[in-house]
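Please open the model in your viewer and keep the sequence panel beside it. The tour below goes from one selection to the next and says what is found at each stop.

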Amino acid sequence: MGLTAIIGGSGFDTFEELTVKDAIFQDTPYGSHSGPILQGSVGGNDCLFLPRHGAGHRFPPHKVNYRANIWLLKELGVTQIIAFNVVGGITPTMSPDTIVIPEQIIDYTSDREHTFFDGNQEQSLGEGYPNVQHVDFTTPFAKELREKMIRFFYQSGIDVVGHGVYGCTQGPRLETAAEIERIKRDGCDLVGMTAMPEAGLAKELDIDYVSIAIVVNWAAGISEKPLSMLEIMNTVIKNMGNIKSLLPNLLRFL
Ligand code: HPA
């Protein structure tokens, strides 16, 4: 196993289980990353932790500097990323409180800096990286790492859905009922705002990337009940506490 980074999402911006050795802040060719990257160990394994939205959830999904985050994780030697994403459920089996390890992505975002390979000589990644490249993104999430994680959840007796298509929207607003209908017709099971361009950038830098998606609400129009931000936040907090406590064992298992 190489070096793992955990990217925390909404409700996961502190990581009490991490024994912290250092906090890293470094300029990148792409500007500032979301905040200090904590370096330490979890369950006896070296690990880095980066809260995607920064301290106090400063950056909404469309303002996160995904390139700076992923570039710096690569620079620090990261070979695999476990990303946490909160999502809305579309498919009936993906109800609130479900943990999903998605398998595919459809990207509906716009206007985000989404590639290292935009032909910009000044931001060249250096030797081994051409300025223009078209990476194979057939499998956005790392297959072996996904399978291992699914096995870990099963063996720990924790219900997990080990498949699913994640539709990534631009946000920060939630979707209309018609948008969700369309996303559903496209084949998405889940909807969130943060897996892209993060997963694509990790692929460009050859880092294995997996998502632990936590369903915190029914997507717009799926349930008769109106969406309540208070309920969503309570569901986020409840689930994140539980899942964080599993991470020492998960990292030991991987
Ligand atoms: N839509 C988009 N992103 C989300 C949702 C949603 O319903 N819930 C949590 N993140």
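Helices and strands are here taken as DSSP runs, a helix having at least four residues (H or I) and a strand at least two (E), and they are numbered from the N terminus. With that in hand, and keeping in mind that this is a predicted model, begin by selecting strand 5 (78-89), strand 9 (190-192), strand 10 (208-218) and helix 5 (229-244), each of which supplies at least two residues of the lining of the largest pocket.

**First stop: the largest pocket**

The space in the largest pocket comes to about 500 Å³. Its lining is made of 31 residues, and if you show Ser10, Val86, Leu174, Met193 and Met229 as sticks you will have those closest to its centre. Coloured by class, the lining of this pocket divides into 16 nonpolar, 12 polar and 3 charged residues.

**Second stop: the ligand**

Now display the ligand, which takes up the space of the largest pocket. Strand 5, strand 9 and strand 10 are the elements that give two or more residues to the shell around the ligand, and strand 5 gives the most, with 3 residues. To see the shell itself, select Val86, Val87, Gly88, Leu174, Glu175, Val191, Gly192, Met193, Val216 and Asn217, which surround the ligand; by class, this shell has 6 nonpolar, 3 polar and 1 charged residues.

Which atoms of Val86, Gly88 and Asn217 should be picked for distances to nitrogen of the ligand? At Val86, choose the backbone, where a polar atom is 3.3 Å from a nitrogen atom of the ligand. At Gly88, the backbone is again the place to look, with an N or O atom lying 3.4 Å from a nitrogen atom of the ligand. At Asn217, turn instead to the side chain, in which an N or O atom is 2.6 Å from a nitrogen atom of the ligand. If you then switch to a surface view, note that the ligand taken alone exposes 260 Å², of which the protein buries 94%.

**Third stop: the second largest pocket**

Keep Asn217 selected and add Pro96, Trp218, Lys225 and Glu231, since these five residues lie nearest the centre of the second largest pocket, which is lined by 16 residues. Strand 10 and helix 5 are the elements that give two or more residues to the lining of this second largest pocket. The space in the second largest pocket is about 220 Å³, and its lining has 8 nonpolar, 5 polar and 3 charged residues.

**Last stop: backbone geometry in the loops**

Most peptide bonds are trans, and most residues other than glycine have a negative phi. Against that background, select Pro172 in the loop between strand 8 (165-168) and helix 3 (177-186), where the peptide bond from Gly171 to Pro172 is cis, with omega near 0°. Move next to Pro197, in the loop between strand 9 and helix 4 (198-204); a cis peptide bond joins Met196 and Pro197 there, and omega is about 10°. Finish at Asp111, in the loop between strand 7 (104-107) and helix 2 (143-155), which has a positive phi of about 65° although it is not a glycine.

Terms used: Residues numbered from 1 in each chain as written. Predicted model: local features only at pLDDT ≥ 70, side-chain atom pairs only at ≥ 80, totals over all residues. Heavy atoms only, no water. 1 Å grid on protein atoms, 1.4 Å probe; cavity = no way out; pocket = protein on both sides within 12 Å on 5 of 7 lines; lining within 4 Å. Points joined across faces, edges and corners; volume = space filled by probe spheres on them. Nonpolar A, V, L, I, M, F, W, Y, C, P; charged D, E, K, R; others polar. Near = heavy atom within 4 Å. Polar contact = N/O pair within 3.5 Å; in protein donor to acceptor, adjacent residues only side chain to side chain. Areas by Shrake-Rupley, 256 points an atom, 1.4 Å probe, with all protein chains shown as cover. Sits in = over half its atoms within 2 Å of the grid points.
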